[in-house]
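Work through these exercises with the model open beside you. Each task is followed by a solution in steps.

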Amino acid sequence: MTSPSTIPGAPRRRSSVPKRVAQAVLAGVLALGLVLATTGASGEHPGEQVTSVLAGQPVRLNLPPTDEPKGVAVFFHGQGGNVNDKMDGPWLDALRRDGWVVASSLFHREAWGNPASTEDTERLIAWAEEQGGAEVKLFIGTSMGATTSLNAVVHGIESPPCWYGVKAAVDMRTMGNVPGADGFIRAAYDGEPWPFVRNPVDNASRFPADVRYRFVASPVDPYVPFEDNTEVMAGRLREAGAEVTVRPVQGPHDDPSHYSAFDLVRFANSCA
């Protein structure tokens, strides 16, 4: 059978492909123009990230969608973590979306609050405040990161108004159930036992009493004993005159219940 396109005098069909391509290009241009117009009008820069290396340690900054951030929150990772730990997840991103600059560092990895990690903290704060255009107002430490952050405060770093600790490991003598922890701790202190002045639970009286502390921990944590870490540390800080709150959660060491974006943002904003 002869197709219509081959019948003499019959009109030829025009291909719809060029038209569809043109429509797609036009739609893309319009969409791009809409995005540029919207972000340009609001001044937002959603999802921006700044990275660098300070004294050999990678550092990172997540910027909020505003030119007037509420403050800088410094995140201290736990054992096995790194500069990107939790930085791409919904927990810390809720803080960023609410107007906070969130900063992190490698902190010499499994440093357990040794002098090198304290120096890292000092460098990170200066860089984050310059890049973020705001002051540090909150420290957030998870597990080992609690010791890293608290030791920085005891050993020369000016404390922010608030500190937030999740499954806080603050007594190095009780880390026997954490895989590899005893070895990492010894390595962090040049093969020697950790010094008394670097074990936060033994130095609670040296922490500023005008800082607000919040602990999030599970009473059934098999790695970081609640009674020997959160309970003891919170009690000693209260005795020193500090305002301390404890939010008990459930499950094992890294249970999702530890990471309430609502609780973190609410506490952070009370410090802003």
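**Exercise 1: an aromatic cluster**

At 1% relative accessibility, F75 counts as buried, because the cut-off for buried is under 20%. The model is a predicted one. Take F75 as the starting point and trace its ring partners.

*Solution.*

Step 1. The rings of F75 and W91 have centres 6.2 Å apart and planes at 85°, so the pair is edge-to-face. The cut-off for that class is over 60 degrees.

Step 2. Place the two residues. F75 lies in strand β3 (residues 71–76) and W91 in helix α2, so the pair ties together parts 16 residues apart in sequence.

Step 3. Check W91. Its relative accessible area is 5%, so W91 is buried.

Step 4. Move on to Y259. W91 and Y259 also form an edge-to-face pair, with 5.0 Å centre to centre and 75° between the planes. Y259 sits in the loop between β8 and α7, so this pair ties together parts 168 residues apart in sequence. Both W91 and Y259 are buried.

Step 5. Assemble the cluster. Ring pairs link F75, W91, Y164, Y259 and F267. The structure holds eight aromatic pairs.

**Exercise 2: the disulfide**

Find the disulfide, give its handedness and state which elements it links.

*Solution.*

Step 1. Count. The structure holds one disulfide. The bond joins C162 to C271, with an S to S distance of 1.8 Å.

Step 2. Read the torsion. About the S-S bond of C162 and C271 it is about -100°, so the disulfide is left-handed.

Step 3. Locate the ends. C162 is in strand β6 (residues 162–166) and C271 in helix α7 (residues 261–271). The pair links distant parts of the chain, 109 residues apart.

Step 4. Test burial. C162 has 2% relative accessibility and counts as buried. C271 is buried too, at 11%.

**Exercise 3: strand β6 and its neighbours**

Is β6 enclosed or open to the outside, and which strands pair with it?

*Solution.*

Step 1. Five of the five residues of β6 are buried, so β6 is largely enclosed by the rest of the structure.

Step 2. Sort the side chains. C162, Y164 and V166 point one way from β6, and W163 and G165 point the other way.

Step 3. Take the β5 side. β5 and β6 pair in the parallel sense over five bridges. I140 stands opposite Y164. With helix α4 (residues 144–154), β5 and β6 make a right-handed β-α-β unit.

Step 4. Take the β7 side. β6 and β7 run parallel and are joined by five bridges. W163 stands opposite Y213 in β7. The chain crosses from β6 through helix α5 (residues 181–188) to β7, again as a right-handed β-α-β crossover.

**Exercise 4: the sheet and helix α7**

Give the strand order, then place α7 against the sheet.

*Solution.*

Step 1. Eight strands form an open, mixed sheet in the order β1-β2-β4-β3-β5-β6-β7-β8. The edge strands are β1 (49–54) and β8, each pairing on one side only. Neighbouring strands are turned by 20° against each other on average, direction ignored.

Step 2. Find an antiparallel pair. β2 (residues 57–62) and β4 pair in this sense over four bridges. The bridge partner of L61 in β4 is A103.

Step 3. Add the helix. α7 packs on the sheet, touching β4, β5, β6, β7 and β8. The direction of α7 makes about 175° with that of β7.

Step 4. List its buried residues. In α7 these are D263, L264, V265, F267, A268 and C271. The buried residues of α7 also pack against α2 (90–97).

Conventions
Residues numbered from 1 in each chain as written. Predicted model: local features only at pLDDT ≥ 70, side-chain atom pairs only at ≥ 80, totals over all residues. Heavy atoms only, no water. Disulfide = S-S within 2.5 Å. Helix = DSSP H or I, 4+ residues; strand = E, 2+ residues; numbered from the N terminus. Buried < 20%, exposed > 50% of the residue type's maximum accessible area, 1.4 Å probe, protein only. Contact = heavy atoms within 4.5 Å. Pairing = 2+ DSSP bridges. Axes fitted to C-alpha atoms, helices over the stretch in contact; angles between N-to-C directions. Right-handed = clockwise from strand over helix to strand, strands pointing away. Phe/Tyr/Trp six-rings, centres within 6.5 Å; stacked < 30°, edge-to-face > 60°.
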